[in-house]
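Student: Please take one residue of this predicted model and go through it closely. Then set it against the helices and packing of the rest of the chain.

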Amino acid sequence: MSLKYAALSSTRWTTASTVLRAAIQFLQIIILARILAPEDFGLMAMAGAATAVASILADLGLSSALMHFPRPNRQTLSAIYWLNLGLACFLAAVFALSASPIAQIYGNPELLPVLFWLSLVFPISAAGHLFRVLAEKDLKFRLLAQQEVVAVLAGFVIALILAFQDAGVYALVGSVLVTSATSTALAWILLSKGSRPTMTSSFANAKPFLAYGLHRVGDGLWNTLRMQADIFIAGVYATPAAVAIYATPREQCLRIANTLVNPVVTRVSLPVLARLQGDMNAVRTVYLKTLRMTASLNFPLYCLVALFPDELVAVLLGDQWEAAAPYFRLFAIWGLIRSTGNPSGSLLYAVGMARRAHIWNLLLLIGTMPPLWLAAQQGGLIALGWTMLALQTVIFVLAWRYLVRPACGARLVEYLASIAPPLISCGFSVTLTLAIIQFIPAQWELIVGAGVMAASYTVFSWWLNRIWLTTMVELIRPIWKTIR
């Protein structure tokens, strides 16, 4: 099987998995937002921020090291597995002991049991993590897709059961734990053949993976701290209900790129780029195509959210979340800009520049924390959101200079040319959509607007961004033939 064919097949399976998981998660938020109180989502947002930071330490960056280096022997894999699981158990204990101080910092004792239960996710996830990483490295995305969809569906079912039993925030906690446990169980069943750990391990051979992985840990830790900094700050200055109004639109906008779109492309491009890392021209070509693909998918979705925030709040969350609409528009613009940076992470890890990524995210954390803290202190959560947008705009420019160009040699004009066609197509589509919905009844604006946006974006893309459309046709054609 050629690399191109394997990549296309992997992309199809990743797309199927991503779409199904996103549909389940959107259905979950639509239902739970009408059953649970905003305070429950606020508590989960604050606890989730702490969990996200701690989870970066859970595998010592070994997953990125496994992607970068050739596949090691069974003894080295066993050593990596036991190191990962042991660290995750230690981390769970530390996190559980830290629950009380974290709750005190937020001034909210209700966080204590939430954090305690979430500490279990570290060893549960670590028990199957190695198998998932190796499956990605080997482009076994069909099995990964099956495992991921079933796991998310299991989490969805338990969330509904607990929500209807008036479990409050624990419906969200239970969903996370059951999703993780199901994923690990299926990883052992579907993905572990030939790589299950043995008691005979070669820890000495694992040292190069640890050395590389430590930079990945630093990179991920600083990046996650930066990405969760506004949630930490919001939790200090606002009530859980106010944090929910701020954090829920932010999470849903992040989900468009991080869950719905970018993993479809970047999860496949990472192992592909790793295989091509000795050929700078090939790496640059694949990276720029990846950037265009993700931008072509992300930009119209974010534009749609920015156009119809009130309607989306009514559909997704319900009347009690009306105050979240301005944040949906703000974070849609923020998310659009931020989505262009995701492919650069795959690029850096593939070519072995983990140290550069580490330093980059540390400097960003140092540079962004003071303005975010000052914004929340002086202007509240809305000022915090606008500061996030301003900082992301600056980061977009700096990312090319300090990440993309050193990693693959792409010039600024090539970097901008990759995102210009979808951006211009979106501009035309937004203008046309705004003109048409002026004559549409309010209750039909979202449906008609989405249809006009999709149709016009496709037409303008045929004119300005045909390479994206032809690639999409190439991906969809085998699926369409199978259905017929």
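Tutor: Asp166 is the residue to start with, and it counts as exposed because its relative accessible area is 71%, over the cut-off of 50%. The model is a predicted one. Asp166 sits in the loop that joins helix H7 (141–164) to helix H8 (169–191). Its backbone is the reason to pick it out: phi is positive, about 60 degrees, although Asp166 is not a glycine. For comparison, most residues other than glycine have a negative phi.

The setting is a helical one. The protein has 18 helices and zero strands. Of its 484 residues, 55% count as buried, a class to which Asp166, being exposed, does not belong. Among contacts with a separation of 6 or more, 83% link residues 24 or more positions apart.

From the loop, the next step is to a second aspartate, Asp40, which lies in helix H2 (residues 38–55). Asp40 is in contact with Gly168, Val169 and Leu172, once neighbours within four places in sequence are left aside. Val169 is the residue at which helix H8 begins. Whereas Asp166 is exposed, Asp40 is buried, because its relative accessible area is 15%, under the 20% cut-off. Asp40 also has a partner from another part of the chain: its C-alpha atom is 7.7 Å from that of Pro240, and 200 residues separate the two along the sequence.

Helix H2 can be followed to its other end through Gln228, a residue of helix H9. Leaving out residues up to four places away in sequence, Gln228 touches Ala49, Ala52, Val53 and Arg250. The C-alpha atoms of Gln228 and Ala52 are 8.0 Å apart, with their positions 176 residues apart along the chain. Gln228 has a relative accessibility of 15% and therefore counts as buried.

Helix H9 (207–237) leads on to an internal space. Three cavities of 30 Å³ or more turn up when the whole structure is searched. The second largest has a volume of about 70 Å³. Both H9 and helix H15 (354–408) supply at least two residues each to its lining. That lining consists of Arg226, Met227, Trp334, Thr368, Leu372, Met388, Leu391, Gln392 and Ile395. H15 makes the largest contribution, with six residues. Sorted by class, six of the lining residues are nonpolar, two are polar and one is charged.

Thr393 is also in H15, but it is not listed in that lining. With a relative accessible area of 39%, Thr393 is classed as partly exposed. In the sequence, 56 residues separate Thr393 from Ile337, but their C-alpha atoms are 6.7 Å apart.

A further case of a buried residue is Ile80, in helix H4 (residues 74–106). Ile80 counts as buried because its relative accessibility is 2%. Leu130 is 50 residues away from Ile80 in sequence, and the C-alpha to C-alpha distance is 8.1 Å.

Helix packing can be taken from one pair, H16 (residues 412–437) and H17 (residues 445–464). Two packed helices are described by the angle between their axes and the distance between the axes. For H16 and H17 the angle is about 140 degrees and the axes are 8 Å apart. The crossing of this pair is right-handed. On the H16 side, the residues that meet H17 are Pro421, Pro422, Ile424, Ser425, Cys426, Phe428, Ser429, Val430, Leu432, Thr433, Ile436 and Ile437. On the H17 side they are Glu445, Gly449, Val452, Met453, Ser456, Tyr457, Phe460, Ser461, Trp463 and Leu464. By class, this contact has 15 nonpolar, six polar and one charged residues.

To return to the starting point, Asp166 is an exposed loop residue with a positive phi. Asp40, in contact with Gly168, Val169 and Leu172, is by contrast a buried residue of a helix.

Key:
Residues numbered from 1 in each chain as written. Predicted model: local features only at pLDDT ≥ 70, side-chain atom pairs only at ≥ 80, totals over all residues. Heavy atoms only, no water. 1 Å grid on protein atoms, 1.4 Å probe; cavity = no way out; pocket = protein on both sides within 12 Å on 5 of 7 lines; lining within 4 Å. Points joined across faces, edges and corners; volume = space filled by probe spheres on them. Helix = DSSP H or I, 4+ residues; strand = E, 2+ residues; numbered from the N terminus. Nonpolar A, V, L, I, M, F, W, Y, C, P; charged D, E, K, R; others polar. Axes fitted to C-alpha atoms, helices over the stretch in contact; angles between N-to-C directions. Left-handed = near helix turned anticlockwise from the far one by under 90°. Contact = heavy atoms within 4.5 Å. Buried < 20%, exposed > 50% of the residue type's maximum accessible area, 1.4 Å probe, protein only.
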